[in-house]
Amino acid sequence: MAYRYVDKVYPFNLSPEALDWYLARGWYRMGANIFTTHYLCFQQQLYSAIWIRLDLRKSEQRESLPKEESNFQFSKSQRRLLRKNAKLFTYTVGRRKFTLEKELLYNRYAQQFNGRLSPSLRDNLEDYDDESIFRTYEVCIREKETNRLVAASYFDLGRKSAASILGIYEPDFDQYSLGYYSMLIEMEYCYQQGLEYYYPGYIVPGYKRFDYKMRIGKTDYFDVKTGKWLSLENFERNMGPAERQLDALGDLQRSIDGIVSLSETLIYPLFEARLYHAWPDSFLEQPCLLLLGNRPSRQGQCVCVIFDPVSDEYILLLCQSMGDIRYYFSEKYLKSFPPESFLVALLDRSAVLQRTSNKEKLTEYLIKSLQ
């Protein structure tokens, strides 16, 4: 079976060991479910999602501290922030509890995002009763002088791992780095509980909004090709699965340019449709493709090439358009992708016509087949 680059499961229950298993394979929480993706499309541009984690057992990641100072060994800059904020704030860590105070804080925080966040804290976590499949804990940070709740964060505990899920804070307290501060508190708590790994989610090379996660320490990243966790220090942007696909397809297109009459490398934004709807296993979930010939009609066929960054193979496909998709996606969403660089059609892989890791071999095949 082909590697699933985008997937989602809907578990009825989830043991701590099962959460560890999913996190170790580049999966993460989405509301009440578990998902993975290795691609993202922001502002009409394709990016790689690179999952990272901090190994809490590696003493070389932390500078030595006298035991009386801390049970967890932070870097100098982290200790400075902890000392600075300790003068102004207090905090508690415990099982999550929904209160009106936290909902109001969430509402004030969410106003910065112009409706892009869920309408309430409960909706964001999809946690509506005491039957949640996750063991969710919270950090609550209060202003010393007033006892006002100024920040909160939420993280899930497995048996040996923890996943940081959500951080919220008062917008006018931005100068205190409370989102980052709450992550440091989570890390210390997890270390004290004997956990081995701390997962902050993914980073997006080339998109700075997620760069703050790299401040937590010397992290590892999940390498989709090997299935191993490797040092993030050795990662370069061109190693991301999305970048590798765009480079490989662009290289192939240049090799057939002027020989094959019509070809264009396009971003395929509906690769992530599996996260929101159930589709057959043959659903195309690669984020870009080299289209050969005309674009498919509403229920027509097309021929395209994708590149698989796990197997390092070019795959020539016959695809079938899955019909009218306006039932599943809004017109506004579909029209947000300019047609000159995007293909907005839901595609099903009808047949594999050729697959090879040899670009020259595929080029020769295409020239013979499409001239």
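**Overall fold, helix 2 and two positive-phi residues**

Of the 371 residues of the protein, 52% count as buried. The model analysed here is predicted. Its secondary structure comprises eight helices and 18 strands.

The overall dimensions were examined next. For 371 residues, a compact globule would be expected to have a radius of gyration near 21 Å. The protein has 23 Å, which agrees with that expectation. Along the principal axes, the C-alpha atoms fill a box of roughly 75 × 45 × 35 Å. Contacts were then sorted by separation in sequence. Among those with a separation of 6 or more, 67% link residues 24 or more positions apart.

The surface and the charges complete the global description. About 18200 Å² of the protein is exposed. Carbon and sulfur atoms supply 48% of this area. The protein carries 49 positive and 48 negative charges. The mean positions of the two sets lie 2 Å apart.

Helix 2 was considered in detail. This helix spans residues 76-86. Its buried residues are Gln78, Arg79, Leu81, Leu82 and Asn85. They cover an arc of only 160° around the axis, and therefore sit on the same side of helix 2. The buried side of helix 2 is covered by elements including strand 7 (89-95) and helix 5 (178-192). The face turned away from that side carries Lys76 and Arg80, both of them exposed. Two arginines of helix 2 thus fall into opposite classes: Arg79 is buried, whereas Arg80 is exposed.

Backbone geometry draws attention to two further residues. Gln43 has a positive phi, near 50°, although this residue is not glycine. Gln43 belongs to the loop between strand 4 (39-42) and strand 5 (45-48). Its relative accessibility is 67%, above the 50% cut-off, so Gln43 counts as exposed.

Ser177 is the other case. Its phi is likewise positive and near 50°, again in a residue other than glycine. Ser177 lies in the loop between strand 10 (161-169) and helix 5. Helix 5 begins at residue 178, and this helix is among the elements that cover the buried residues of helix 2. The relative accessibility of Ser177 is 26%. This value falls between the 20% and 50% cut-offs, so Ser177 counts as partly exposed.

Conventions: Residues numbered from 1 in each chain as written. Predicted model: local features only at pLDDT ≥ 70, side-chain atom pairs only at ≥ 80, totals over all residues. Heavy atoms only, no water. Helix = DSSP H or I, 4+ residues; strand = E, 2+ residues; numbered from the N terminus. Rg over C-alpha atoms; globule rule 2.2 N^0.38 Å. Buried < 20%, exposed > 50% of the residue type's maximum accessible area, 1.4 Å probe, protein only. Contact = heavy atoms within 4.5 Å. Areas by Shrake-Rupley, 256 points an atom, 1.4 Å probe, with all protein chains shown as cover. Lys, Arg positive; Asp, Glu negative; His and termini not counted. Charge placed at Lys NZ, Arg CZ, Asp CG, Glu CD. Arc of directions from axis to C-beta.
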